Amino acid sequence: MNYFVFLLLKFKKLTVDELAYLFKLMIEQEIIVLDKNQKTKFFDFIATNFQSKDKVNISPNSIRNKSYDPSFQTIDKIHTDLLQMSQL
């Protein structure tokens, strides 16, 4: 028997840019390990199963593109969030 569970995770405090950068960091630090040919499927998965504070529907191309070239503001926000999390 196959069971399908639909789970939509909403990040209330992160924009698409910030969400993309956070996943990029996790991939680069090998917290999430993907084969080269899995990146497209992974971005499809994120777009299907996640929402950000500013977008209910995220396009796979958007999240992929934003992960490659984060702004200084995005990097600073995620850096601040990670520092705060490490102090919990």
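Student: Let's start with one residue in this predicted model: does Glu-30 count as buried or exposed?
Tutor: The relative accessibility of Glu-30 comes out at 61%. The cut-off for exposed is over 50%, so with 61% Glu-30 counts as exposed.

Student: Where does Glu-30 sit, and what is its phi?
Tutor: Glu-30 belongs to the loop between α1 (16-28) and α2 (39-49). Glu-30 isn't a glycine, yet its phi is positive. The value is about 60 degrees.

Student: Zooming out, what pattern does the protein follow along its sequence?
Tutor: There are 4 helices and 2 strands to place, and the C-alpha trace they belong to spans about 45 × 30 × 25 Å along its principal axes. Of the 88 residues, 31% count as buried. Read along the sequence, the pattern is β-α-α-β-α-α.

Student: Which residue forms a salt bridge with Lys-66, and how many residues apart in sequence are the parts that the pair ties together?
Tutor: A search of the whole structure turns up 3 salt bridges, and one of them joins Lys-66 to Asp-17, with the closest N and O atoms 3.3 Å apart. Lys-66 is in helix α3 (residues 60-68) while Asp-17 is in helix α1, so the bridge ties together parts 49 residues apart in sequence. Both ends count as partly exposed, Lys-66 at 29% and Asp-17 at 28%. So the partner is Asp-17, and the separation is 49 residues.

Student: Lys-24 and Glu-28 also form a salt bridge; how many residues apart are they in helix α1?
Tutor: Their closest N and O atoms are 3.9 Å apart, which counts because the limit is within 4 Å. Glu-28 is exposed, at 51% relative accessibility. Lys-24 and Glu-28 are separated by about one helical turn, because their spacing in α1 is 4 residues.

Student: What about Asp-81: which residue does it form a salt bridge with?
Tutor: The partner is in helix α4 as well, 4 residues away, so about one helical turn separates the two. Asp-81 is buried, with a relative accessible area of 18%, whereas its partner is partly exposed at 25%. The closest N and O atoms are 2.6 Å apart, and the partner is Lys-77.

Student: Why do the buried residues of α4 line one face of the helix, and within what arc do they fall?
Tutor: α4 has 15 residues and reaches 21 Å from first C-alpha to last, close to the expected 21 Å. Thr-74, Ile-78 and Asp-81 are the buried ones, while Phe-72, Gln-73 and Ser-86 are exposed on the other side. An α-helix has 3.6 residues a turn, so residues three or four places apart point the same way. Looking down the axis of α4, the buried residues line one face because they fall within an arc of 60 degrees.

Student: Last one: which helix gives the largest share of the lining of the largest pocket?
Tutor: The largest pocket holds about 220 Å³ of space. Its lining divides into 6 nonpolar, 1 polar and 3 charged residues, including Phe-11, Leu-22, Ile-78, Asp-81 and Met-85. The largest share of that lining is 5 residues, and they come from helix α4.

Conventions
Residues numbered from 1 in each chain as written. Predicted model: local features only at pLDDT ≥ 70, side-chain atom pairs only at ≥ 80, totals over all residues. Heavy atoms only, no water. Buried < 20%, exposed > 50% of the residue type's maximum accessible area, 1.4 Å probe, protein only. 1 Å grid on protein atoms, 1.4 Å probe; cavity = no way out; pocket = protein on both sides within 12 Å on 5 of 7 lines; lining within 4 Å. Points joined across faces, edges and corners; volume = space filled by probe spheres on them. Nonpolar A, V, L, I, M, F, W, Y, C, P; charged D, E, K, R; others polar. Salt bridge = Lys/Arg side-chain N within 4 Å of Asp/Glu carboxyl O. Expected span 1.5 Å × (residues − 1). Arc of directions from axis to C-beta.
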